[in-house]
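Thank you all for making time for this. I would like to take you through one structure, going slowly enough that you can check each point on the screen as I come to it.

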Amino acid sequence: APSQNGSAYDNALLCEYIASHGYIVASVASKGAYHHKMPFNSEGAEAQARDLEFTAGVMYNFPNVNSEKIGVVGFSFGGLSNTIFALRHANVAAVVSFDGSIGSDLAYDIIASYPYMKSNDLRSAFLHFGGNKFKLKLGSFKFYDDLTFSDAYVMTLKGLNHLQFSSFNIMFRAQPEYVYAGYTAMCEFTVSFLGHYVKKDTPSFEQVAAGYQRDIFSQYDHK
C-alpha cells in the first residue's frame, strides 16, 4: 500500500524484489473515497483499506494465488491502511510497515475509533521499519506496545528521512550511500520476514533480525 496520494509504483523496487522470490505482488494507487486527494483521517484510511480488499478480491481469481497466505506491506499512510486490512482478515499472515503512519498517535486514534476493532486484536506477524519522522522510542509506540498476540518487531534505521523509505523518491535523485544501504537492508529483511511467516520456508526471522547491521540500524526490538 503506497503513501497518502501515492502511486501504485511508490515502492516498485521493493515490489519487484518481493516478486523475484516467488510471490505474486499487487499494488493500488492511494486515492480518496470521494475525490482525488486522500485525506489523512479515518475516511482516508477506510478508503485505502477497502481498495486493498478490492485488490485482494481481484487477485483471488489469479492462477497460483494462495488466498490463505497473504502478506501486506505499506509505506507511510499505507502502513496504517494495511494494518486495518490485516485486523479485518485472518488470512493475513504478515504486516510490514515502511515508516508507516501506524507509528503516529493519530493513526492509533483512528484504529481506536472503530467500534469493533482494537490494536491488540492483531494476530498477524508485524514488522515496522522506522526513520526520522515519528522518532519512535520503545515505550511510546502505542500500537506496538498494545500488541499481545502478534509476533512483532521494530527496527529503526539511522539517518533515513520519511521519503527515503520509497524507492520512487530515491531512484531519480542521488542519495547518500547509507540511504541505498538502508533501503536494500529493508528489502532483504522484508523478504526474510515474509519467507518465515507467509511461505514458512525460511528459518526463524528472530535469528535473522537479531543479526542486524549496527551501522544501518540504531534500534531493534522483538516482542
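I will speak about helix packing, then salt bridges, then a surface patch, and finally some positions in loops. Please keep in mind throughout that this is a predicted model.

Let me begin with the helices. Two packed helices are described by the angle between their axes and the distance between the axes, and I will give both values for each pair. For helix H2, which covers residues 42-59, and helix H3, which covers residues 78-88, the axes come within 8 Å and cross at roughly 60°. That angle makes H2 oblique to H3, and the crossing of these two helices is right-handed.

Moving along the chain, H3 also has a partner in helix H4, residues 105-112, with axes that come within 11 Å and cross at roughly 30°. Angles under 35 degrees count as roughly parallel, so H3 and H4 are described in that way. Here too the crossing is right-handed, with H3 passing H4.

The third pair brings together helix H1, residues 12-19, and helix H7, residues 177-199, whose axes come within 10 Å and cross at roughly 40°. H1 and H7 are therefore oblique to each other, and H1 passes H7 in a right-handed crossing.

Now to the charged side chains. Side chains of opposite charge can pair when their charged atoms come close, and a search of the whole structure finds five salt bridges. I will start with the one formed by the side chains of Glu46 and Arg88, where the distance from N to O is 2.5 Å. This pair links distant parts of the chain, since Glu46 sits in H2 and Arg88 in H3, 42 residues apart. Is Glu46 buried or exposed? With a relative accessibility of 15%, Glu46 counts as buried, whereas Arg88, with a relative accessible area of 31%, is partly exposed. The pair also belongs to a network of salt bridges in which Glu46, Arg50, Glu53 and Arg88 are linked.

A further salt bridge joins the side chains of Asp105 and Lys142, at 4.0 Å from N to O. This pair, too, links distant parts of the chain, with Asp105 in H4 and Lys142 in helix H5, residues 142-146, the two being 37 residues apart. Asp105 counts as partly exposed at 41% relative accessibility, and Lys142 is partly exposed as well, with a relative accessible area of 37%.

I would also point to the side chains of Lys199 and Asp201, which meet in a salt bridge at 3.7 Å, N to O. Lys199 counts as partly exposed at 31% relative accessibility, and Asp201 counts as partly exposed at 48%.

Let me turn from charges to a nonpolar feature. Which residues form a nonpolar patch on the surface? They are Tyr9, Leu13, Phe168, Met171 and Phe172, and together they have about 550 Å² of accessible area. One of them, Phe168, is placed in helix H6, residues 167-171, and is partly exposed, with a relative accessible area of 36%.

Next come two pairs of positions that are separated in sequence. Asp146 lies in H5 and is partly exposed, with a relative accessible area of 28%; its C-alpha atom is separated by 9.0 Å from that of Lys118, which is 28 residues away along the chain. Gly131 is found in the loop between strand S3 (125-130) and H5, and is buried, with a relative accessible area of 10%. From C-alpha to C-alpha, Gly131 and Gly159 are 6.9 Å apart in space, while in sequence they are 28 residues apart.

I will finish with backbone angles. Most residues other than glycine have a negative phi, and two positions deserve a look with that in mind. Asn64 has a phi near 70°, a positive value, and is placed in the loop between H2 and strand S1 (70-75). Ser76 has a phi near 60°, again a positive value, and is placed in the loop between S1 and H3. As for their surroundings, Asn64 is exposed, with a relative accessible area of 75%, whereas Ser76 is buried, with a relative accessible area of 8%.

Methods
Residues are numbered from 1 along each chain as its sequence is written. This is a predicted model: local features need pLDDT of at least 70, side-chain atom pairs count only at pLDDT 80 or more; totals for chains, interfaces and linings use all residues. Side-chain values use heavy atoms; hydrogens and water are left out. Patches are made of residues with over 30% relative accessible area and no salt bridge: like charges are joined within 9 Å, nonpolar side chains (Val, Leu, Ile, Met, Phe, Trp, Tyr) within 5 Å. Accessible areas come from the Shrake-Rupley method with a 1.4 Å probe; for residues, only the protein chains shown count as cover. Helices (H or I, at least four residues) and strands (E, at least two) are DSSP runs, numbered from the N terminus. Buried means under 20% relative accessible area, exposed over 50%, partly exposed in between (1.4 Å probe, protein chains only). Axes are lines fitted to C-alpha atoms, for helices over the stretch in contact, and angles run from 0 to 180 degrees between N-to-C directions. Angles under 35 degrees count as roughly parallel, over 145 as roughly antiparallel, 65 to 115 as roughly perpendicular and the rest as oblique. A crossing is left-handed if the near helix is turned anticlockwise from the far one by less than a right angle, and right-handed if clockwise.
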